[in-house]
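Colleague: Thanks for making time for this one. Could we go through it together, a few questions at a time?

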Amino acid sequence: MKPLDQRFETTWADLQPVGRDKLSGGYHRFAWTGPDADMRAWFSDQAHSRGLTYECDGNGNQWAWWGTPGPGAVVTGSHLDSVPSGGAFDGPLGVVSAFLAIDEMRSRGVQPTHPIAVVNCVDEEGARFGVACIGSQLLTGALSPEKARNLYDVDGVTVAEAMRTAGADPNDLGRDDTVLNRIGVFVELHVEQGRGLTTMNAPVGVATSIWPHGRWRLAFRGEANHAGTTRLVDRHDPTLAFAAAVLAARDAAEANGAVATMGKAFITPNGANAIPSEINAWLDARAGDDAVLERMVRAVEDAAVKAAGEHGTAVEVERESYSPAVVFDEALRDRLAAVLGGVPVLPTGAGHDAGILSAHVPSAMLFVRNHTGVSHSPSEHADEEDCVAGVQALATVLEELACT
């Protein structure tokens, strides 16, 4: 078997062309699209090439089993989809590392006493249909199959339609106790989305918690008109309330030691010489605790309503998704940090499938250093040396959990 660094380089290179935008260098790997199908085919090939048992559950999550699928399994993995023009490492690093960790364990002569599974959780980013962690939320029952089937993308294509086009059956969506009851423990490796490990001068760390976070859709409605002939006093321009909400989000985040972003918006009719009739925008907000998050979102909503009233427009606010604070299993966290030689422990503001699963099974996360701290961008990066250290750490963790 080739050295681990060579195997990482070869395996990682297989994914680099899939869904990559030639201009930005970023990735467009959205759920139930062509690039997603290519990523899923890669996962299946990786499983079969290692003699692992391949399965796909009714929600579209992919599984590769070392040993007989059954209760008490040690599960690892992440996701293969991306945000628009996303980075290469967010998600795929965890799946690639999981397969290579099995290789590493085999090279060490490890014989697990519990089954080990690699999972690719479908549609973690929520880039296409607006709700994050769809695969893990459906698996655990946190998201109803009826709501999931009727989610739609910017072209009006529903999840149900997209699944059928991709050859999957949307009627199979929903909580799956058979699959869920197999998971004895879940460990997700992920590139760090920040510079905590760089500050600590450590290639690998263990997560303590995930900040509460959510997404809210703000629909601003006004009246379309001519940009050149309509007097300011006669306008009902929803852009003004939208702008007030953007500024309020920044101010509220700064005042509360939190983060808030309005990075997605659709303007109708979207003409340079036309006053908009409608703007649909999304607020992503995250804070250290639920009370702070609620206070921050309320401030944004109040500012939007006030500005809409002042300019003869209207606004509606709808919460599309919400994830409460997650504190990972402390005993598991401490066990992993100890077996890895006392690596740093740190929180994160990013949501993950591990956070969804943690409400049902003991869960933990390993982070791999990201020197730039940049994520959800083509500039996202982790050095190969740190990625290899992550694989070795994951193999050590899986051995600890699957052999005792």
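Modeller: Happy to. Let's begin with Glu104, which counts as buried because its relative accessibility is 12%. Please keep in mind throughout that this is a predicted model.

Colleague: Which residue meets the side chain of Glu104 in a salt bridge?
Modeller: Glu104 lies in helix α3, and its partner lies in helix α1, so the pair ties together parts that are 97 residues apart in sequence. The partner is buried as well, since its relative accessibility is 12%. The N to O distance is 3.6 Å, and the residue is Arg7.

Colleague: Which residues are joined with Glu104 into one network?
Modeller: The structure holds 20 salt bridges. Some of them share partners, and that sharing is what builds this network. Along with Glu104, its members are Arg7, Arg50, Asp103, Arg108 and Glu399.

Colleague: Staying in helix α1, is Phe8 buried or exposed?
Modeller: Phe8 is found in helix α1. Leaving aside residues up to four places away in sequence, Phe8 touches Leu93, Val96, Leu100, Glu384, Cys387, Val388 and Val391. Its relative accessibility is 3%, and because the cut-off is under 20%, Phe8 counts as buried.

Colleague: How far apart are the end C-alpha atoms of helix α2?
Modeller: Helix α2 covers residues 34-49, which makes 16 residues. At 1.5 Å a residue the helix should span 22 Å, and the model agrees with that: the end C-alpha atoms are separated by 22 Å.

Colleague: And what covers the buried residues of α2?
Modeller: The buried residues are Asp36, Met39, Arg40, Trp42, Phe43, Ser44, Gln46 and Ala47. Their cover includes α1, β1, β2, α3 and β4.

Colleague: Which residue forms a polar contact with the side chain of Asp386?
Modeller: Asp386 is found in helix α13 and counts as buried at 4% relative accessibility. Not counting residues up to four places away in sequence, it touches Pro203, Val368, Arg369 and His371. The polar contact, at 2.9 Å, joins the side chain of Asp386 to that of Arg369.

Colleague: Where in the chain is the partner of Glu400 in its salt bridge?
Modeller: Glu400 is in helix α13, and its partner is 65 residues away. Glu400 is partly exposed, with a relative accessible area of 24%, and the partner, Arg335, is partly exposed at 33%. The closest N and O atoms of the two are 2.9 Å apart. Arg335 is in helix α11.

Colleague: Now the domains: how much area do domain 1 and domain 2 bury between them?
Modeller: Domain 1 takes in 4-211 and 325-403, while domain 2 is 213-323. The contact uses 15 residues from domain 1 and 13 residues from domain 2. Of the area buried, 46% is on carbon and sulfur atoms, and the total is about 1000 Å².

Colleague: Which three residues supply 51% of the area that domain 1 buries against domain 2?
Modeller: Between the domains the count of salt bridges is zero, whereas five residue pairs are in polar contact. For the area on the domain 1 side, no other three residues supply more than Gly130, Trp211 and Ala325.

Colleague: One last question, on domain 2's strand β11: which residue is joined to the side chain of Asn280 by a polar contact?
Modeller: Asn280 lies in strand β11 and is buried, with a relative accessible area of 15%. Among the residues it touches are Leu218, Ala219 and Lys264. The polar contact is 2.6 Å, and the side chain on the other end belongs to Arg217.

Key:
Residues numbered from 1 in each chain as written. Predicted model: local features only at pLDDT ≥ 70, side-chain atom pairs only at ≥ 80, totals over all residues. Heavy atoms only, no water. Helix = DSSP H or I, 4+ residues; strand = E, 2+ residues; numbered from the N terminus. Expected span 1.5 Å × (residues − 1). Buried < 20%, exposed > 50% of the residue type's maximum accessible area, 1.4 Å probe, protein only. Contact = heavy atoms within 4.5 Å. Domains from an automatic or database assignment. Buried area = accessible area lost by both parts, 1.4 Å probe. Salt bridge = Lys/Arg side-chain N within 4 Å of Asp/Glu carboxyl O. Polar contact = N/O pair within 3.5 Å; in protein donor to acceptor, adjacent residues only side chain to side chain.
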